[in-house]
Amino acid sequence: MAGIYIHIPFCKKLCHYCDFHKSLSLEDKSLMINALVKEMEMQNEFLGTEQVDTIYFGGGTPSVLSYEETEILFEGLYRNFKISKNAEITIEANPDDLTVKYLAKLRKTKVNRLSIGVQSFSDRDLKLMNRRHQSKTGLKAVYNSQNTGFRNISIDLIYGIPGMSLETWENNLDIAFKMDIQHISAYHLTLEPDTVFSRRIKEGNMKMPDEEISIEQFRILIKKAGENKFLHYEISNFCLDDFFSKHNTNYWKQVKYLGLGPSAHSYNGNIRRWNVSDNKIYIDAISKNKIPFEKEYLDNRKKYNEYILTSLRTMWGIDLKFLEENYSKEAMDYCLGLSKRFFDYGMIEKKEDNLVLTNQGKLIADNIISELMM
Ligand SMILES: C[S@@+](CC[C@H](N)C(=O)[O-])C[C@H]1O[C@@H](n2cnc3c(N)ncnc32)[C@H](O)[C@@H]1O
Ligand code: SF4
């Protein structure tokens, strides 16, 4: 079992909160496609004999790719990797790219899951974030996707936005849950360095919401998801039935993955590596048959910490048996010992052999995770 991530490092407009690697200039798009196919050829042994069950086109903005460019990437993928017949194949898309014409073509490719960057249905918030689209475009993107036959649709929403009222957030969720979509990723706004938002805050021209507002918005999210039968399977992820993001779930379960393209990360169980975050350097290096990456070996302590970080955020939690079998009895005892006070506070509960966050614990997940680390 393995996954492939492909980073498409282009955006037509820069959002004020985002620090993902991307370039505003689309000039190098075809050079980038060629380089990505070449990297597939150079990396086709990274996953060994593992079958690929998930492919994820992320960005940047993968929906800036034309049908022809997407097909070139698929041809490279199927030529170089063993991809399972029922692979989950996701593309991240910006709402204003999702016209009926574009979607009808996308349906002809192997893509079977859409992750649409709606972010908000409030025009005030979309403008503040410097998004390309307006509220009605977000609605239209989802309807167009459904009408062209996509049946596995996720949308991204952001809360904790400066000045966002509780009513706006409730309204966003009410619209989202009425949309007949299968999955929602709802992220609290993170203030990233070197973004317009962090500069505005530093200069005193903007203020992040008080913690109580953020917590109340998270509570509303959990409540509305429950009322709409959406499973809260990871801190920021909710789905109907079994419409989990298989790709992201595999990250959290330590499954191997290969990342292609500038800034993409790869993991093979022992090594984590990441490609350079620069389009020109990446394209130049690949043309000289070199993959520009850095890497780190993961010792047992790092692996333990990564396991705690990713697993405790999910509804499956920390599997104590997995800790004992894959790390050591000492690692399991260490984790159990540190968790004790969170049991007493009602923040963690034990479900069979697993330690799982309660709803109360989810509110301070990051603090609990850092306390359980080595
Ligand atoms: C890398 S973006 C790519 C998606 C696509 N380009 C779009 O914006 O519609 C993936 C998602 O990460 C989330 N995101 C990015 N930066 C964030 C931040 N600073 N805080 C919270 N969420 C963020 C957004 O919801 C976004 O849709
Ligand atoms: S959120 Fe998406 S569209 Fe906006 S800058 Fe980031 S990657 Fe580009």
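This is a short dialogue on reading a predicted model, feature by feature.

Student: Where should I start with ligand 1, and which residues are closest?

Tutor: Start with the shell of residues around the ligand. Here 18 residues surround ligand 1. The closest are G60, Q119, R131, D156 and T190.

Student: Which strands supply at least two residues of that shell?

Tutor: Look at the elements that the shell residues belong to. Four strands each give at least two residues to the shell around ligand 1: β3 (83-93), β4 (113-119), β5 (153-159) and β6 (183-188).

Student: How do the residues of the shell around ligand 1 divide into nonpolar, polar and charged?

Tutor: Sort them by residue type. The shell around ligand 1 holds six nonpolar, eight polar and four charged residues.

Student: Which polar side-chain atoms lie a short way from ligand 1, and at what distances?

Tutor: Look for pairs of N or O atoms within 3.5 Å. An N or O atom in the side chain of N94 is 3.0 Å from a nitrogen atom of ligand 1. Q119 places a polar side-chain atom 2.7 Å from an oxygen atom of the ligand. R131 also has a polar side-chain atom by a ligand oxygen, at 2.8 Å.

Student: What share of ligand 1 does the protein bury?

Tutor: Take the ligand alone, then add the protein. Alone, ligand 1 exposes 560 Å². The protein buries 92% of that area.

Student: Now ligand 2. Which residues surround ligand 2?

Tutor: Read this shell in the same way. Around ligand 2 are C11, C15, Y17, C18, K22, G60, T61, N94 and R131. By type, the shell divides into four nonpolar, three polar and two charged residues. G60 and R131 appear here, and both are also among the closest residues to ligand 1.

Student: G60 keeps coming up. What kind of peptide bond joins G59 and G60?

Tutor: Start with the general rule. Most peptide bonds are trans. The bond between G59 and G60 is cis, with omega about 15 degrees. G60 itself sits in the loop between β2 (52-59) and α2 (67-80).

Student: What should I look for in phi?

Tutor: Check the sign. Most residues other than glycine have a negative phi. N130 is not a glycine, yet its phi is positive, about 65 degrees. N130 belongs to the loop between α4 (123-128) and α5 (135-147). N289 also has a positive phi of about 65 degrees, and it is not a glycine either. N289 is in the loop between α10 (279-287) and β12 (293-297).

Student: Is N289 buried or exposed?

Tutor: Exposed means over 50% relative accessible area. N289 has 53% relative accessibility, so it counts as exposed.

Student: How do I read a helix such as α6, and how far does α6 reach?

Tutor: Compare its span with the expected one. Helix α6 covers residues 166-177, twelve residues in total. From its first C-alpha to its last, α6 reaches 16 Å, close to the 16 Å expected at 1.5 Å a residue.

Student: Which residues of α6 are buried, and why do they line one face?

Tutor: Look down the helix axis. The buried residues of α6 are W169, N172, L173, A176 and F177. They fall within an arc of 120 degrees around the axis of α6, so they line one face of the helix.

Student: Where is F150, and is F150 buried or exposed?

Tutor: Place the residue, then check its accessibility. F150 is in the loop between α5 and β5. Its relative accessibility is 1%, so F150 counts as buried.

Student: How far apart in space are F150 and L106?

Tutor: Set sequence distance beside C-alpha distance. F150 and L106 are 44 residues apart in sequence, and their C-alpha atoms are 9.7 Å apart. Now take I215, in helix α8 (residues 211-227). The C-alpha atoms of I215 and A285 are 45 Å apart, with their positions 70 residues apart along the chain.

How values were computed. Residues numbered from 1 in each chain as written. Chains lettered and ligands numbered in written order. Predicted model: local features only at pLDDT ≥ 70, side-chain atom pairs only at ≥ 80, totals over all residues. Heavy atoms only, no water. Near = heavy atom within 4 Å. Polar contact = N/O pair within 3.5 Å; in protein donor to acceptor, adjacent residues only side chain to side chain. Areas by Shrake-Rupley, 256 points an atom, 1.4 Å probe, with all protein chains shown as cover. Nonpolar A, V, L, I, M, F, W, Y, C, P; charged D, E, K, R; others polar. Expected span 1.5 Å × (residues − 1). Buried < 20%, exposed > 50% of the residue type's maximum accessible area, 1.4 Å probe, protein only. Arc of directions from axis to C-beta.
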